[in-house]
Amino acid sequence: MSTNNNYIVLARKYRPKNLIDVIGQEDICSVIEGSIKLNRVAHAFLFSGTRGVGKTTLARILAKILNCQEVRGENIQACHKCANCISIENESNMDVVEIDAASRTGVADVREIIENINYKPVSSKKKIFIIDEVHMLSKQAFNALLKTLEEPPEHVKFIFATTEVLKIPNTIISRCQRFDLERIDNQLIIKHLSNICDKENIDFSVSALSMISNVSEGSVRDALSILDQAI
């Protein structure tokens with residue numbers, strides 16, 4: 001394995017870049033793919049589930065697909081080569097705003113979004129707001145967001161991710177296309193870890209990977225973090 005100073009942890013290095021790469025959430029990926037092909041994309045998405053099952057990853061993949069300059073017809077995979085894909089990957093795209101609600105919970109943060117939504121995208125097809133851990137928003141912030149979420153401009157999409165969907169007001173949930181992500185099956189995690197070990201030239205035993213999978217409790221991110229420690 002490389003020992004250079006720019007080592008990237010496995011969870012980041014092998015983060016899925018396309019819907020086809022997301023493990024354990026095939027049904028959800030299929031629905032998203034179908035909605036894009038039929039041009040029936042919701043104005044707001046809600047991805048819920050426990051840690052490390054792909055909520056934020058799906059949000060970022062969806063943002064790239066909706067803004068990729070090469071997506072058309074039956075081809076709904078982001079190209080990762082156009083300016084929009086590259087800037088979203090580098091987190092420098094002005095039209096894709098990612099907010100961590102755990103640290104920005106107030107109504108002022110939501111009002112900042114509301115004030116900006118009427119402006120057209122600078123360089124992308126859609127202006128996309130990704131709000132992670134959205135359940136952490138205050139009651140006042142949710143109320144401020146409600147009307148905008150009900151009738152957003154055509155060029156705006158909201159993507160929410162949460163580990164505690166029961167803390168989100170039903171009025172917000174009812175305005176989103178909701179996807180509940182499942183914990184990843186142990187056998188899928190073992191296969192994923194095995195593939196990564198092969199790519200990294202790491203010797204392993206199936207029993208060791210099985211132990212890591214059991215401890216990860218269905219979280220791919222946790223499994224990769226433990227694998228990093230084991231290596």
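Strand 1 and strand 4 run parallel and are joined by five bridges. The model that shows this pairing is a predicted one. Within the pairing, phenylalanine 45 stands opposite isoleucine 159 in strand 4. On strand 5, strand 1 (residues 44–48) has a further parallel partner, joined to it by four bridges. There, phenylalanine 47 stands opposite phenylalanine 179.

These pairings belong to an open sheet of five strands. The strand order is 2-3-4-1-5, and the pairing is parallel. Strand 2 (96–100) and strand 5 (177–180) stand at the edges. Each has a single partner strand, so one side of each is left without a neighbour in the sheet. From one strand to the next, the twist averages 15 degrees. Strand 3 and strand 4 also pair in the parallel sense, here over six bridges. Lysine 127 stands opposite valine 156 of strand 4. Helix 2 (residues 26–37) lies across strand 1 and strand 5. Its direction makes an angle of about 155 degrees with strand 5.

Strand 4 (residues 156–162) is mostly covered, with seven of its seven residues buried. In a regular strand the side chains alternate between the two faces of the sheet. In strand 4, Val156, Phe158, Phe160 and Thr162 point one way. Lys157, Ile159 and Ala161 point the other way. Both sets are buried, and the lysine at position 157 is thus among the buried residues.

Aromatic side chains were examined next. The structure holds five aromatic pairs. Phenylalanine 45 and phenylalanine 47 form one that is stacked. Their ring centres lie 6.3 Å apart, with 25 degrees between the planes. Both residues are buried. The pair of phenylalanine 158 and phenylalanine 160 is tilted, because the planes stand at 35 degrees. The centres of these two rings are 6.0 Å apart. Phenylalanine 158 and phenylalanine 160 are buried as well. Phe45, Phe47 and Phe179 form one aromatic cluster. Two members of this cluster, phenylalanine 47 and phenylalanine 179, are the residues that stand opposite each other in strand 1 and strand 5.

Serine 124 lies outside the strands. The residue sits in the loop between helix 5 (107–116) and strand 3 (127–132). Its relative accessibility is 11%, so serine 124 counts as buried. The side chain of serine 124 makes a polar contact with the side chain of asparagine 93, at 3.2 Å. Leaving aside residues up to four places away in sequence, serine 124 touches Asn67, Asn84, Asn93 and Asp95.

Helix 9 (residues 206–216) has a buried side. Its buried residues are Leu209, Ile212, Ser213 and Ser216. They lie on the same side of helix 9 because they cover an arc of only 100 degrees around the axis. The cover over these residues includes helix 8 (186–199) and helix 10 (220–230). The face turned away from the buried side carries Ser207, Met211 and Val215, which are exposed. Just after helix 9, glutamate 217 takes a positive phi of about 55 degrees.

Technical notes
Residues are numbered from 1 along each chain as its sequence is written. This is a predicted model: local features need pLDDT of at least 70, side-chain atom pairs count only at pLDDT 80 or more; totals for chains, interfaces and linings use all residues. Side-chain values use heavy atoms; hydrogens and water are left out. Buried means under 20% relative accessible area, exposed over 50%, partly exposed in between (1.4 Å probe, protein chains only). The arc is that of the directions from the helix axis to the C-beta atoms. Contact means heavy atoms within 4.5 Å. A polar contact is a pair of N or O atoms within 3.5 Å; within protein, one must be able to donate a hydrogen and the other to accept it, and residues adjacent in sequence count only if both atoms are side-chain atoms. Two strands pair if DSSP finds at least two bridges between them. Axes are lines fitted to C-alpha atoms, for helices over the stretch in contact, and angles run from 0 to 180 degrees between N-to-C directions. Rings of Phe, Tyr and Trp (its six-membered ring) pair if their centres lie within 6.5 Å; planes under 30 degrees apart count as stacked, over 60 as edge-to-face and the rest as tilted.
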